[in-house]
Structures are given as structure tokens and as C-alpha cells.
Number of protein chains: 2
Amino acid sequence: MVFRSARRRQRTEPAGIRPRVSQTSLERADFTEFAPEPLAFLGQAACIQLEFFELLAKAVATSPGLAPKEGVSVVAGVALRRHHRLLDEVRAHDGDPVGIMQPFADATLEFREQIQGADWWELLLGIHIASGMLDDYFSHLAQALPRELRERVTELLAPDPRAAGVLEAEIERGIREVPGLGDRLALWGRSIVGDTLLVARSALRGSESGAGPGSGVEPVFTELIAEHTRRMDALGLTA
Amino acid sequence: MVFRSARRRQRTEPAGIRPRVSQTSLERADFTEFAPEPLAFLGQAACIQLEFFELLAKAVATSPGLAPKEGVSVVAGVALRRHHRLLDEVRAHDGDPVGIMQPFADATLEFREQIQGADWWELLLGIHIASGMLDDYFSHLAQALPRELRERVTELLAPDPRAAGVLEAEIERGIREVPGLGDRLALWGRSIVGDTLLVARSALRGSESGAGPGSGVEPVFTELIAEHTRRMDALGLTA
């Protein structure tokens, strides 16, 4: 529901403009009731960063040249560092990294399969879109964590401008140089959003009951989609 | 030649004992005439670390469980960090990372294919053996670099005990648990040595002439093989 209405509203706004919904929605969003326990949060976030790392490493290994390979390797390093730092936090909370990640392993692996796409460009766009949405989202969720942990997690998940720039630049180059790629990527980008939102919802406490979170968190999902549209716009793709 | 004789001598020594040849050979080894230029050295070393990273990332993605996946991800991080630090040195010497690596890209990629093996265990052993030999070797080669660069490179290529321990522990577990794996890995380990020594020789100045380096560097190759045998012994494998 939120999915469609948000996308429809987006359509009426000029491309590339960050929708005003963002800040106010976040202020209204209330995670206190649905935020996961700190260890569950860290375990799922670590699992997700590990899968981003694996996808990025695949992009490194299958890169069409040494220059893009080198660029993407830097992004892979960012995801791997985030993964390891999240597990450092698990250990600091007396958690066992593997045990804490285990409940999220299968679903995250499945998500990896869903977003890896059919070639190098789809792989890059899948990573760009999914990591853009989920890094944002987990930063929001982190606001319900105890203060010191919240600060460290917010800092380690903060957008890495160099990393995002590398993926954008490579995708843009592909769209410029490969005939028909823009249309294919626009379609691919749209197809990823649903799966990514499902992963986001699965992080909320009580999500397994099927009842779903209350309206308090809806604004965050609205913003995630608005930001996704902005990300697609920046690449010249219709979300 | 050095290959066979060194291996034969190894046989007569007790397993797991570091051969005495090591220190004296290194003192006698003279790299001054054959050592590569600093930028060529950095470019090839960076290329090799990048391929180790790609192999390790493949081992992460294809890992048989979350615990080994997590362990190998740490080793992948070590290789990636080395790669990026070597490229930092290239930039500090006003070199272009991609341009400096390019001459080594094809051969290193071919080497990656040669050592990746047929399954997860062969992949791990291939990485363990090849990185063990080549990290050692490039540390030796680095002694011919200007002092400050030498110190930084020696430090960044220094063995990471945690990383080597992870690979050893996983390979040992496989040998214990998988029937017939020990014999297969012993064979696989032997088959990698030749290709790895070819990569090592290709790093020497003048290697492309086909004349090959003089006898001054032979002791280093002898030691590489002795260390390889020690590494195989530690796993209970016949080198």
C-alpha cells in the first residue's frame, strides 16, 4: 500500500529533487515499539553487510576491466569493514557472532540471490539500490539502540561518499555505452524494491507474527522509497 | 633443478622442523642485480594481493557454513587491505595504480585460475600455499627497495598469524572429516608449487629475456620450497 502511493506521489515531483517528506516523516516515525533487540539488530545488520560484501567481491572478480575492478574493490572493503565492526559490537555485548547471525543467514542468502542480477551491470545496480535502502534503514532503526551503541552504529553505517560514487559512476558509464542498458536497468531497479522492503520489514520486532508493524513506522518506509526514487533519478533511470 | 634437489633434501629432515638453510641462504641471496624497480614491484605485489582477495572472497561466498565463512572473511580483509596499502604506496610514488598493475594483470589472472582448484578445500589450500610462498618472496624482494618504502612494505606483508591460522584450521578440519581429502590435497599442493615459482621468477628484472636470474637468487627459491614443505608438514600433508 505504502509502496504504490509513495511511488505515485513521487511521479509528480521533479526528478532529482529530494522530497520534503523525508525529515518530517522521520521525526514522526516511532520505532520504540518495533525496534529489534540490540543483538538481533547487530546480527541481521552484520549478515546483510556480509552479503553486500560477497556481491561486491563478485563484481570485483567479474569486472570488465582493471579500473572498475579497482574502484569496486574499495566499495567491497567498506562493506567488509562494516561487517567486521558490527561483529566487534556483538562480541562487546558478549554475543557469539556466528550464533547471532545464524537466524538471519538463510533469508539473507536468499536476498543475495534475488538482487545479484543477470550480468555485471544488474549486479552493480542491485548492490547500489539494496545497500542504499538498507544502510539508510538500519541507521534509522539504530536510533532505538542504547546511546553509545547507537552512536557507533550510526557512524559505521554512515554513507561512504566514495563508495556510492564508484557504483554510480560505473552504472552511468554502462548506461552511456551499452545500447538498451538504461531501459533494462530501470526495470531491474524496480524489481528489487519489493524484496528489499521485505528484508527491512523482517527486521522489526513482531514481524514474524505476520501482523506487521503499526502505522508508526510507515513514514520510514515511505521515505525509503522516496530515497530510492531519488537514487534512480540520479542515474537517469525511472523508478 | 633447485626444485627437485630441495624437495629431496627436505625428505630426510623430520617433519615440522624449519630447515637450517633458511637464514644463511637469505644472507647469501643477492637481489641487487635482479630486483624490480619499486613501481613494478608494487604493481605486481598489488595485483597478486588482489587475486588472493578474489580467491578468498570466492571461498567466503562458497563456504560450507557460517563459521568458516566468517573466519575466511577476516583473511579476505587482510589481503584486500594489503592490496589497497600497496596501491597507496604507488600513489605516493606518483604512479597510477591501474597503469602500474596493468602489465601484470593477465598473468596474475591466469595464476588465479591455476590455483583455485576444484572445490572449497582445494581453493583454501591453493590460497594458503600460494600466499604463503609469495608473501614470503615479496618480503625478500622488498629488501632491495629504498629504506622507508622497504620498511613499510615489509610491515604490510608480514605474516598475519590469525589469517594463516584460519586457513590451516579449516584445511585440517576437512582432512579429518572428509575421507580421502588428505591424499587429494597432498597431490593438489604439489601441483601448485611450479606455477607459484613461475610467478615468483617473473618478478625478477630481466626475467622476460628468458635468460633467468643468476645463481645469486637461487637460495631464495630453495628456501621458498623448504618453507612450502614445512607448511605442508604442518597440515600433515606430504609435500
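Reader: How do you know that A:Glu148 forms a salt bridge with A:Arg152?

Author: Their closest N and O atoms are 3.8 Å apart. A salt bridge is a side-chain nitrogen of Lys or Arg within 4 Å of a carboxyl oxygen of Asp or Glu, so this pair makes the cut. Bear in mind that this is a predicted model, where local features need pLDDT of at least 70, side-chain atom pairs count only at pLDDT 80 or more, and totals for chains, interfaces and linings use all residues; side-chain values use heavy atoms, with hydrogens and water left out. Residues are numbered from 1 along each chain as its sequence is written, while chains are lettered from A and ligands numbered from 1 in the order in which they are written.

Reader: Where do A:Glu148 and A:Arg152 lie?

Author: Both are in helix α7 (residues 147–157) of chain A, 4 residues apart, about one turn of the helix. Helices (H or I, at least four residues) and strands (E, at least two) are DSSP runs, numbered from the N terminus. An α-helix has 3.6 residues a turn, so residues three or four places apart point the same way.

Reader: Why is A:Glu148 called exposed?

Author: Exposed means over 50% relative accessible area, buried under 20%, and partly exposed in between (1.4 Å probe, protein chains only). A:Glu148 has 51%, so it counts as exposed. A:Arg152 has 33%, so it is partly exposed.

Reader: Which residue is buried in the salt bridge of B:Arg230 and B:Glu227?

Author: That would be B:Glu227, at 4% relative accessible area. B:Arg230 has 25%, so it is called partly exposed. The two side chains meet at 3.1 Å, N to O, and both lie in helix α10 of chain B, 3 residues apart.

Reader: What makes α10(B) largely enclosed by the rest of the structure?

Author: Of its 17 residues, 13 are buried, so the description holds.

Reader: How do you know that the span of α10(B) agrees with the expected value?

Author: The expected span is 1.5 Å times one less than the number of residues. For the 17 residues of α10(B) (residues 218–234), that gives 24 Å; the end C-alpha atoms are 25 Å apart, which agrees.

Reader: What makes B:Arg82 and B:Asp135 a link between distant parts of the chain?

Author: Their salt bridge has its closest N and O atoms 2.7 Å apart. B:Arg82 sits in helix α4 (residues 66–92) of chain B and B:Asp135 in helix α6 (residues 120–141), 53 residues apart. Both residues are buried, too.

Reader: How much area do chain A and chain B bury between them?

Author: About 1,900 Å², 70% of it on carbon and sulfur atoms. In chain A, A:Leu66, A:Glu70 and A:Val98 lose the most area to chain B, together 29% of what that side buries. Buried area is the accessible area (1.4 Å probe) that two parts lose on being put together, summed over both.

Reader: How many residues of chain A are in contact with chain B?

Author: Contact means heavy atoms within 4.5 Å. By that rule, 26 residues of chain A are in contact with 26 residues of chain B.

Reader: How many salt bridges are there between chain A and chain B?

Author: The count is 2. One example is A:Glu54 with B:Lys69, whose side chains meet at 2.6 Å, N to O. On the side of chain A that touches chain B, α4(A) gives the largest share, 13 residues.
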